[in-house]
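Here is a short set of exercises to work through with the model open beside you. Try each task before reading its solution.

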Amino acid sequence: MSYLEDNVIPGNYGKKFTTDAKDLEDFKRIEAAILELEGVKDVVFESKETPVVFAVHTTQVVEVDAIQDKVQLLDLHAVPTGLFFPLA
(Lines give C-alpha, C1' and ligand atoms only; values in the text may rest on other atoms or scores of the structure.)
Protein backbone atom coordinates (compact mmCIF):
# COMPACT_ATOMS: atom_id res chain seq x y z
CA MET A 1 0.00 0.00 0.00
CA SER A 2 1.07 3.58 -0.54
CA TYR A 3 1.01 6.64 1.69
CA LEU A 4 -2.12 7.93 -0.08
CA GLU A 5 -3.91 4.58 0.28
CA ASP A 6 -3.03 4.26 3.97
CA ASN A 7 -3.95 7.81 5.02
CA VAL A 8 -6.54 10.54 4.61
CA ILE A 9 -4.73 13.71 3.62
CA PRO A 10 -5.89 17.12 4.88
CA GLY A 11 -7.65 19.76 2.81
CA ASN A 12 -10.67 19.75 0.52
CA TYR A 13 -9.97 16.17 -0.43
CA GLY A 14 -10.85 13.19 1.67
CA LYS A 15 -11.17 9.49 1.39
CA LYS A 16 -14.27 7.62 0.32
CA PHE A 17 -15.48 4.52 2.21
CA THR A 18 -18.36 2.08 1.80
CA THR A 19 -20.19 0.73 4.82
CA ASP A 20 -22.74 -1.89 5.71
CA ALA A 21 -24.69 0.63 7.81
CA LYS A 22 -28.31 0.83 6.71
CA ASP A 23 -30.17 3.39 8.80
CA LEU A 24 -29.86 6.93 10.10
CA GLU A 25 -28.99 5.76 13.62
CA ASP A 26 -25.99 3.79 12.30
CA PHE A 27 -24.87 6.80 10.23
CA LYS A 28 -24.98 9.01 13.32
CA ARG A 29 -23.02 6.45 15.36
CA ILE A 30 -20.36 6.18 12.65
CA GLU A 31 -20.08 9.95 12.33
CA ALA A 32 -19.74 10.44 16.11
CA ALA A 33 -17.11 7.71 16.40
CA ILE A 34 -14.97 9.01 13.52
CA LEU A 35 -15.22 12.62 14.73
CA GLU A 36 -13.53 11.49 17.95
CA LEU A 37 -10.30 11.06 15.98
CA GLU A 38 -7.94 14.01 16.15
CA GLY A 39 -7.82 15.88 12.85
CA VAL A 40 -11.16 14.71 11.43
CA LYS A 41 -13.11 17.69 10.08
CA ASP A 42 -16.31 16.03 8.88
CA VAL A 43 -18.00 12.87 7.71
CA VAL A 44 -20.33 13.14 4.70
CA PHE A 45 -22.79 10.34 3.83
CA GLU A 46 -24.24 9.50 0.41
CA SER A 47 -27.02 7.18 1.52
CA LYS A 48 -28.71 7.21 -1.89
CA GLU A 49 -26.05 4.82 -3.19
CA THR A 50 -25.91 1.11 -2.48
CA PRO A 51 -23.75 0.20 -0.69
CA VAL A 52 -23.80 3.37 1.41
CA VAL A 53 -20.80 5.61 0.78
CA PHE A 54 -19.30 8.17 3.12
CA ALA A 55 -16.31 10.47 2.89
CA VAL A 56 -13.98 11.61 5.64
CA HIS A 57 -12.29 15.03 5.39
CA THR A 58 -9.44 15.98 7.71
CA THR A 59 -7.32 18.89 8.89
CA GLN A 60 -4.27 16.65 9.35
CA VAL A 61 -3.14 13.22 8.19
CA VAL A 62 -5.36 10.49 9.67
CA GLU A 63 -4.66 6.79 9.17
CA VAL A 64 -7.29 4.75 7.35
CA ASP A 65 -6.77 1.97 9.91
CA ALA A 66 -7.79 4.33 12.74
CA ILE A 67 -11.06 5.13 10.93
CA GLN A 68 -11.75 1.46 10.22
CA ASP A 69 -11.04 0.55 13.87
CA LYS A 70 -13.53 3.16 15.14
CA VAL A 71 -16.26 1.85 12.85
CA GLN A 72 -15.47 -1.78 13.63
CA LEU A 73 -16.06 -1.08 17.34
CA LEU A 74 -19.68 -0.40 16.32
CA ASP A 75 -19.92 -3.86 14.69
CA LEU A 76 -19.98 -2.19 11.27
CA HIS A 77 -17.46 -1.94 8.45
CA ALA A 78 -15.71 0.88 6.60
CA VAL A 79 -13.92 -0.14 3.41
CA PRO A 80 -11.86 2.50 1.56
CA THR A 81 -12.87 2.77 -2.08
CA GLY A 82 -10.96 5.66 -3.60
CA LEU A 83 -8.02 7.96 -3.13
CA PHE A 84 -9.85 11.29 -3.21
CA PHE A 85 -13.36 12.58 -2.63
CA PRO A 86 -13.58 16.37 -3.17
CA LEU A 87 -15.55 18.45 -0.70
CA ALA A 88 -18.35 20.20 -2.61
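A residue is called buried when its relative accessible area is under 20%, exposed when it is over 50%, and partly exposed in between. Keep in mind that the model is a predicted one.

**Exercise 1. Apply the cut-offs to Val61, then look at the surface around it.**

Step 1. Val61 has a relative accessible area of 37%, so this residue is partly exposed.

Step 2. Now find Val61 in the fold: the residue lies in the loop between strand S4 (52-58) and strand S5 (62-63).

Step 3. Together with Tyr3 and Leu4, Val61 makes a nonpolar surface patch of about 260 Å².

Step 4. For the surface of the whole chain, the exposed area is about 5200 Å², and 53% of that comes from carbon and sulfur atoms.

**Exercise 2. Describe the overall layout of the chain.**

Step 1. Start with the elements: the chain has three helices and six strands.

Step 2. Follow them along the sequence, and the pattern reads α-β-β-α-β-β-β-α-β.

Step 3. Next comes burial. Of the 88 residues in the chain, 38% are buried.

Step 4. Finally, consider the contacts with a separation of 6 or more: residues 24 or more positions apart account for 66% of them.

**Exercise 3. Work out how helix H2 places its buried residues.**

Step 1. Check the helix length. H2 has 12 residues and reaches 16 Å from its first C-alpha to its last, close to the 16 Å expected at 1.5 Å a residue.

Step 2. List the buried residues of H2: Asp26, Phe27, Ile30, Ala33 and Ile34.

Step 3. Look down the axis of H2. These buried residues fall within an arc of 135°, so they line one face of the helix.

Step 4. Recall the geometry behind such a face: an α-helix has 3.6 residues a turn, so residues three or four places apart point the same way.

Step 5. Ask what this face meets. The buried residues of H2 pack against S2, strand S3 (40-46), S4 and helix H3 (64-72).

Step 6. Take Phe27 as an example. Phe27 lies in H2, which spans residues 24-35, and counts as buried because its relative accessibility is 11%. Its C-alpha atom is separated by 7.6 Å from that of Phe45, 18 residues apart along the chain.

**Exercise 4. Repeat the analysis for helix H3.**

Step 1. The buried residues here are Val64, Ile67 and Val71.

Step 2. Seen down the axis of H3, they fall within an arc of 65°, so they too line one face of their helix.

**Exercise 5. Find the salt bridges and say where each partner sits.**

Step 1. Begin with the principle: side chains of opposite charge can pair when their charged atoms come close. With a cut-off of 4 Å between the side-chain nitrogen and the carboxyl oxygen, the count comes to two salt bridges.

Step 2. One joins the side chains of Arg29 and Asp26, at 2.9 Å from N to O. Both residues are in helix H2, three residues apart, about one turn of the helix.

Step 3. Compare their surroundings. Arg29 is partly exposed at 33%, whereas Asp26 is buried at 14%.

Step 4. The other joins Lys70 and Glu36, at 2.7 Å from N to O. This pair links distant parts of the chain: Lys70 is in helix H3 and Glu36 is in the loop between H2 and S3, 34 residues apart.

Step 5. Lys70 counts as partly exposed at 22% relative accessibility, whereas Glu36 is exposed at 57%.

**Exercise 6. Trace the surroundings of Thr18 and Asp20.**

Step 1. Thr18 has its place in strand S2 (residues 14-19). With a relative accessible area of 17%, Thr18 is buried.

Step 2. Leave out residues up to four places away in sequence, and Thr18 touches Pro51, Val52, Val53, Phe54, His77, Ala78, Val79 and Thr81.

Step 3. Move on to Asp20, in the loop between S2 and H2. Asp20 is partly exposed, with a relative accessible area of 32%.

Step 4. Setting aside neighbours within four places in sequence, Asp20 is in contact with Leu76 and His77.

Step 5. To finish, measure across to Val52 in your viewer: the C-alpha atoms of Asp20 and Val52 are separated by 6.9 Å, and the two residues are 32 residues apart along the chain.

Conventions. Residues numbered from 1 in each chain as written. Predicted model: local features only at pLDDT ≥ 70, side-chain atom pairs only at ≥ 80, totals over all residues. Heavy atoms only, no water. Helix = DSSP H or I, 4+ residues; strand = E, 2+ residues; numbered from the N terminus. Buried < 20%, exposed > 50% of the residue type's maximum accessible area, 1.4 Å probe, protein only. Contact = heavy atoms within 4.5 Å. Patch = residues over 30% accessible without salt bridge, like charges linked within 9 Å, V, L, I, M, F, W, Y side chains within 5 Å. Areas by Shrake-Rupley, 256 points an atom, 1.4 Å probe, with all protein chains shown as cover. Expected span 1.5 Å × (residues − 1). Arc of directions from axis to C-beta.
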